[in-house]
Amino acid sequence: MTYVNLQLNPERYTGYTGPSARRIWDAVYSENCPKYPAEELCQEEKILYKLISGLHSSISIHIASDYLLDEATNLWGHNLDLMYNRVLRYPNRVQNLYFTFLFVLRAVTKAADYLEQAEYDTGNPTEDLKTHSLMRQLLYNPKLQAACPLPFDEAKLWKGQRGPELKQKIQAQFKNIRFL
């Protein structure tokens, strides 16, 4: 496992705007989401789409929460119009954001034994202890676990005739997203 402090590389406004900025997300969706009607998607494909949409919404919210409001004065702050126009006015995007949160929380819960035993090497022994403590607080927080129901029954995934093939396809799509 590699420890990466995401606070050192925050999601925020980069000044990258216009059609070229949109091309990245267009590529993510077009290369990884089927183009046929939603009714024809199997559960696994619907989940992949919801995860991509939720990730997109999360990044958009982070950008809007730390946005360069005035370049001349280097004023940073919340861009609520951007947040509303990109995410909040679309109920499905908010639902997919919540779904993605539940999905990640479920993955963390399932990996609790591994994450508790993992060595967190930040390069600073004090930070290592703090990171391990924070991870234990997350893993065993009863309020957080009770507040978040299962997003779906993962035991039902990959069971159909196309299950193994579909699993490999979606794993490849996740790798593809990582490199975009």
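**Exercise 1. State how many salt bridges the predicted model contains, and by which rule they are counted.**

Solution. The count comes to three salt bridges, where a salt bridge is a side-chain nitrogen of Lys or Arg within 4 Å of a carboxyl oxygen of Asp or Glu. Residues are numbered from 1 along each chain as its sequence is written, and side-chain values use heavy atoms, with hydrogens and water left out. Since this is a predicted model, local features need pLDDT of at least 70 and side-chain atom pairs count only at pLDDT 80 or more, while totals for chains, interfaces and linings use all residues.

**Exercise 2. Describe the salt bridge of Asp26 and Arg22 and its place in the helices.**

Solution. Step one: the side chains of Asp26 and Arg22 meet with an N to O distance of 3.1 Å. Step two: both residues belong to helix 1 (residues 19–32) and stand four residues apart, about one turn of the helix. Helices are DSSP runs of H or I with at least four residues, numbered from the N terminus. Step three: Asp26 has 38% relative accessibility and counts as partly exposed; Arg22, at 40%, also counts as partly exposed. Here buried means under 20% relative accessible area, exposed over 50%, and partly exposed in between (1.4 Å probe, protein chains only).

**Exercise 3. Determine which parts of the chain are linked by Glu45 and Lys169.**

Solution. Step one: Glu45 forms a salt bridge with Lys169, and their closest N and O atoms are 3.5 Å apart. Step two: this pair links distant parts of the chain, with Glu45 in helix 2 (residues 43–65) and Lys169 in helix 8 (residues 163–179), 124 residues apart. Step three: Glu45 counts as buried because its relative accessibility is 4%, whereas Lys169, at 35%, is partly exposed.

**Exercise 4. Examine the pair Arg136 and Glu116 in the same manner.**

Solution. Step one: their side chains meet in a salt bridge at 2.0 Å, N to O. Step two: Arg136 lies in helix 6 (residues 125–139) and Glu116 in helix 5 (residues 112–117), so the pair ties together parts 20 residues apart in sequence. Step three: Arg136 is partly exposed at 36%, and Glu116 is buried at 19%.

**Exercise 5. Identify the largest nonpolar core and the helix that gives the most to it.**

Solution. Step one: a nonpolar core is a set of buried Ala, Val, Leu, Ile, Met, Phe, Trp, Tyr and Cys residues joined through side-chain atoms within 4.5 Å. Step two: the largest has 16 residues, and those with the most contacts inside it are Trp25, Tyr29, Ile52, Ile63 and Leu82. Step three: helix 2 gives the most, with six residues.

How values were computed:
Helix = DSSP H or I, 4+ residues; strand = E, 2+ residues; numbered from the N terminus.
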